[in-house]
Amino acid sequence: MPLYESVMQEKPPIVLDIGTAYTKLGFAAEAYPRKIIPTTVVLTTTGVTKRLFDYVGTEQLYDQIVDFLQTIFFKHLLVSPKERKFVIVENIFGQTIIRETLARALFIHFDVSSVLFVPAHLIALSTLAVPTGLVVDIGYSETTIMPVFSGVQILSAFKDHSYGSCAVHDEIRRQLVATGVKEPLLTSSVLEDIKIRTCFVNSYERAQARASSDQTQPPPPPPSVDYAICDGDAVISIPGTVRESVYELMFEQNNERDSLPHLILRAILDCSMDVRRALIESIFVIGGGAMVLGLLPRLKQELQQLLANDSYYRERFHGELQFKFYNSIGKQNFTAWLGGALCGATDLIQTRSLSKESYLRNEHVPDWSNLCDNRHGG
Amino acid sequence: MSFMQPSPVKYACSCGILNPINKLFFCRHCPKLRCGFCVCHEIESHFCSNCLENIPSSEARHKKNCCANCFDCPCCQHTLSARATTVPVVRKPEEPKDGESGAEATPSPKPSAMPTTKKMYYLSCLSCRWTTRDVGIPDQGVATGTWPDNECLYQARFNTLMEYYQSVVLQDKQEKQEFLRRKTPKQHKFPSLTDRTGLTVSLIRRQIGWTEKSVPKTKPINIAPAEASAEVEPLPEDIFTQPINLRNITTVAQRHSQPADQPTAVNKLYPQRRSLWIKRSLRCRQCEHNLIKPEYHPTSIKYRIQLFASYHVPEVIMVRCEQPLQPGQSNAILLKLANPTMYDMTISILEAVPEDAQINTDAFQQACRIKEEAITSSPLLKTTGVTLARQNSTREVKREVRELANASIVPLESPFVLSQRDDSKEFDEDVQAPIEEPKFIVWRKGNKVLIRLQFSPAADLQPGNKVTLGFYMQYTYVNTVSNTPDKKDPTTHALYSRIFIEAGEIAPQTAN
């Protein structure tokens with residue numbers, strides 16, 4: 001009797017994963033988010049759409065968050081937030097001001113009963129039912145790498161870099177403008193559309209051949225695409241070289257040695273010796289940026305090549321090492337949300353949440369990085 | 001009231017945010033202005049915006065806030081409409097029957113003259129011409145109700161994961177309770193005999209032959225953890241040689257409208273059930289009275305309770321400035337005021353907070369404190385704990401009114417009376433005897449008056465700067481709701497609103 005059960009059940013907690021570009025929202029114990037919406041607010045005064053996290057001053061951020069949550073509750077989820085439980089999937093190195101403002105909006109403006117903050121990397125692993133993994137989150141503004149061993153995040157080995165989808169958009173714009181496309185045509189939505197519909201990650205061999213093209217003939221580029229921009233009433237041609245080369249910035253070889261494969265290897269090296277093999281064999285790539293075609297084979301080959309040929313890593317990694325990757329259930333762009341939905345379905349929502357009473361006592365969200373909250377025994 | 005362009009006249013809400021009057025509400029019980037930010041929004045009813053069917057909230061929750069009958073186009077998010085076609089029905093089972101019955105059936109011309117047809121339905125988008133036939137969904141015999149839902153591929157795995165984590169957490173909880181039980185000191189003052197003799201309760205029970213008392217511990221169910229593999233899906237080889245057709249690749253919006261599988265190919269798009277819409281009711285956070293309560297039925301656009309500010313607060317309309325705005329030069333602005341209420345109002349325009357206007361709002365609220373009164377009294381609401389929620393009302397987020405005014409006004413020398421609204425008066429002949437009017441009143445008719453307010457913009461403004469004048473408008477408000485039984489007469493209050501008017505920009509310097 002599903003209807004009876006659903007009536008009798010307590011209201012399911014709301015699970016939110018507010019990303020820089022897209023927000024995943026839905027209810028706990030459901031297998032996929034209800035909606036994936038852009039993280040933007042429409043300003044009531046001017047009608048301009050702007051990103052949620054573009055702000056000057058805390059009060060403006062607070063107003064924007066209130067507006068955004070209001071849209072989520074009354075346009076998308078259609079539930080009253082009052083007396084609800086929440087799971088918020090958060091970046092563990094996210095800004096304190098955003099976290100505090102979000103909590104203030106939820107508790108004070110919307111009167112919610114409890115909020116459970118869960119770290120995105122850790123909770124993403126729960127969708128696999130494994131305790132150990134190297135979680136690589138390719139988001140909009142940054143790519144973050146967090147090793148997790150036996151359910152414990154190894155914070156000292158955390159790595160991040162600014163190449164996310166945003167950097168890819170800039171690269172597409174740069175290359176297209178260089179071919180003579182007018183820049184005003186390339187709005188961010190057009191760039192995103194070009195990226196997801198035409199671009200892919202080149203294979204390792206072809207990328208190497210292109211990089212060292214002086215002696216040999218570079219491989220023929222993939223066919224170019226004519227792309228119609230509806231708003232601009234124009235058709236632009238996207239050359240095949242653009243299609244295959246925009247993701248090269250993730251694998252760029254430079255003296256900083258901070259491309260994605262380097263970061264992964266350095267994150268593993270920062271962990272203690274006993275966990276390294278386990279991490280190498282359990283790489284989990286999540287985030288919207290991970291959904292591009294050809295990312296995993298390229299990443300795997302780059303990692304293996306670095307291990308074999310780079311003297312720095314050869315000295316430190318020994319034995320037969322094979323990089324192994326997990327396949328996510330569902331799509332990668334809501335994997336972290338899915339973890340939150342699993343977490344919200346358990347009893348943890350009762351025991352681990354920050355309740356309204358304890359928040360109102362001193363209007364502060366406990367944080368792992370805050371010494372006041374971490375003293376043992378209060 | 002101009003709907004298409006932002007109004008230059010802004011009222012300061014009691015929470016400190018500036019809004020035009022058509023976005024404000026007026027709580028009669030407080031009595032204060034409220035805006036969309038400082039009221040509590042509640043969901044009144046769910047309905048489908050396409051078929052206008054009212055859906056009870058429990059059913060809406062069960063159906064995941066989607067309409068059962070209406071679908072959205074996965075291509076352009078427009079509503080799909082069902083289209084009927086007639087298809088000739090091949091009557092398979094009848095043919096052998098005809099053969100059996102033999103000679104008398106075949107000569108009759110009936111079957112050939114009456115070809116049987118059947119109505120079949122498919123869904124089609126009238127905006128982008130997408131149809132369910134494009135993706136291979138078979139036509140249905142009935143227009144609504146039988147369309148297949150696309151299943152979530154990993155639902156079974158998700159359910160196992162969920163059960164697994166629930167049992168893990170439950171076991172964790174039990175262990176913690178067990179630990180606490182052991183740690184708590186014994187309640188008895190004296191050690192029990194069994195402790196001395198080494199007999200534990202469970203041992204005795206076993207000796208007697210009873211069963212174990214302790215509840216069976218929940219064991220976490222086994223789950224197969226995901227396997228990492230060294231094999232990754234390679235890039236398809238033909239991507240380097242085959243031209244791609246953008247028409248066959250979905251856009252971001254199309255993918256996100258189908259969050260479960262987010263197809264990349266157009267032929268994987270499925271019709272999406274249409275999201276429901278809601279009717280909202282608004283409640284004052286301070287006194288918990290309803291400000292807006294719509295009628296329940298989705299086809300009705302009327303309200304059961306509507307406390308819009310424009311029904312209670314005199315409306316100020318900016319007409320024009322008399323001269324071009326110059327910094328430091330005295331100027332005058334013409335304002336039209338209208339009284340929307342059924343009672344005469346005494347209005348004064350002041351520069352600072354009126355002192356006598358400090359009505360004892362607390363006492364007033366006490367007077368109209370709700371005693372489970374009849375305004376929102378559907379019995380269902382009462383039982384479901386709305387009364388309970390009333391006790392812990394949310395705190396009002398109050399902020400200071402941002403000081404925007406950069407012009408000084410000359411307050412009007414005397415208050416003036418604005419007569420009540422009378423719709424029939426609009427059609428009367430103007431027979432008003434010319435009465436002695438104060439100097440600042442330019443024109444008066446019915447419940448409207450045109451006043452002339454002198455002001456001077458600040459001297460340090462540059463050409464192009466916006467001139468904003470701010471003032472306090474004090475008005476008498478006759479409150480007709482009083483829930484106290486002893487006071488039946490309407491009470492009159494002197495209220496005030498803070499008003500900011502964008503008079504325009506400083507005129508460019510003329511060559512003089």
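**Exercise 1. How many residues does each chain bring to the contact between chains A and B?**

Solution. Start by counting on each side: 51 residues of chain B and 55 residues of chain A take part in the contact. Keep in mind as you look that this is a predicted model.

Next, see which elements of chain B are involved. At least two residues each come from β5, α1 (57-62), α4 (155-183), α7 (252-256) and β11 of chain B. The largest share on this side belongs to α4(B), with eleven residues.

Finally, sort the residues of chain B that touch chain A by character: 31 are nonpolar, twelve are polar and eight are charged.

**Exercise 2. Find the order of the strands in the open sheet of five strands in chain B, and say which strands stand at the edges.**

Solution. Walk across the sheet, and you meet the strands of chain B in the order β6-β5-β11-β12-β13, with antiparallel pairing. The edges are β6 (54-55) and β13 (303-306) of chain B; each has a single partner strand, so one side of each has no neighbour in the sheet.

Now zoom in on one pair. Strand β5 (residues 39-47) of chain B runs antiparallel to strand β11 (residues 277-284) of chain B, and eight bridges join them. To locate the pairing on your screen, look for Val39(B), which stands opposite Cys284(B) in β11(B).

**Exercise 3. Is Asp344(B) buried, partly exposed or exposed?**

Solution. First find the residue: Asp344(B) sits in the loop between β15 (331-338) and β16 (345-350) of chain B. Then count its neighbours. There are 14 C-beta neighbours inside 10 Å of Asp344(B). A residue needs 20 or more to be buried, and 12 or fewer to be exposed. Asp344(B) falls in between, so this residue counts as partly exposed.

What does Asp344(B) touch, leaving out residues up to four places away in sequence? The contacts are Val417(B), Leu418(B), Ser419(B) and Gln420(B). Thr476(B) is 132 residues from Asp344(B) in sequence, yet their C-alpha atoms are 8.1 Å apart in space.

**Exercise 4. Describe the two faces of β16(B) and name strands that pair with it.**

Solution. Take the faces first. Met345(B), Ile347(B) and Ile349(B) form the covered face of β16(B), while Thr346(B), Ser348(B) and Leu350(B) form the uncovered one.

Then look for partners. Strand β18 (residues 416-418) of chain B pairs with β16(B) in the antiparallel sense over three bridges, with Thr346(B) opposite Val417(B). Strand β21 (residues 466-479) of chain B also pairs with β16(B) in the antiparallel sense, over four bridges. Here Leu350(B) has Tyr472(B) as its bridge partner.

**Exercise 5. Work out how helices α5 and α6 of chain A are placed relative to each other.**

Solution. Begin with the geometry: α5 (residues 165-178) and α6 (residues 188-198) of chain A pack at an angle of about 95°, and their axes are 9 Å apart. Angles of 65 to 115 degrees count as roughly perpendicular, so that is the relation of α5(A) to α6(A).

Now list the residues that make the contact. From α5(A) come Val168(A), His169(A), Ile172(A) and Arg173(A), and from α6(A) come Ser188(A), Leu191(A), Glu192(A), Ile194(A) and Lys195(A). By character, four of these contact residues are nonpolar, two are polar and three are charged.

**Exercise 6. Where does β7(A) lie in its sheet, and how many of its residues are buried?**

Solution. Set out the sheet first: it is open, with six strands of chain A in the order β3-β2-β1-β6-β7-β15 and mixed pairing. Its edge strands are β3 (35-38) and β15 (354-355) of chain A. In this order, β7(A) stands between β6 and β15.

Next, check burial. Strand β7 (residues 114-119) of chain A has six of six residues buried, so the rest of the structure largely encloses this strand. Ser114(A), Leu116(A) and Val118(A) point one way, and Val115(A), Phe117(A) and Pro119(A) point the other way.

Last, follow the pairing. Strand β6 (residues 85-90) of chain A pairs with β7(A) in the parallel sense over six bridges, and Ile88(A) has Phe117(A) as its bridge partner. Helix α13 (residues 335-345) of chain A lies across β1 (14-18), β2, β6 and β7 of chain A.

Methods
Residues numbered from 1 in each chain as written. Chains lettered and ligands numbered in written order. Predicted model: local features only at pLDDT ≥ 70, side-chain atom pairs only at ≥ 80, totals over all residues. Pairing = 2+ DSSP bridges. Contact = placed C-beta atoms within 7 Å. Nonpolar A, V, L, I, M, F, W, Y, C, P; charged D, E, K, R; others polar. Axes fitted to C-alpha atoms, helices over the stretch in contact; angles between N-to-C directions. Parallel < 35°, antiparallel > 145°, perpendicular 65-115°, else oblique.
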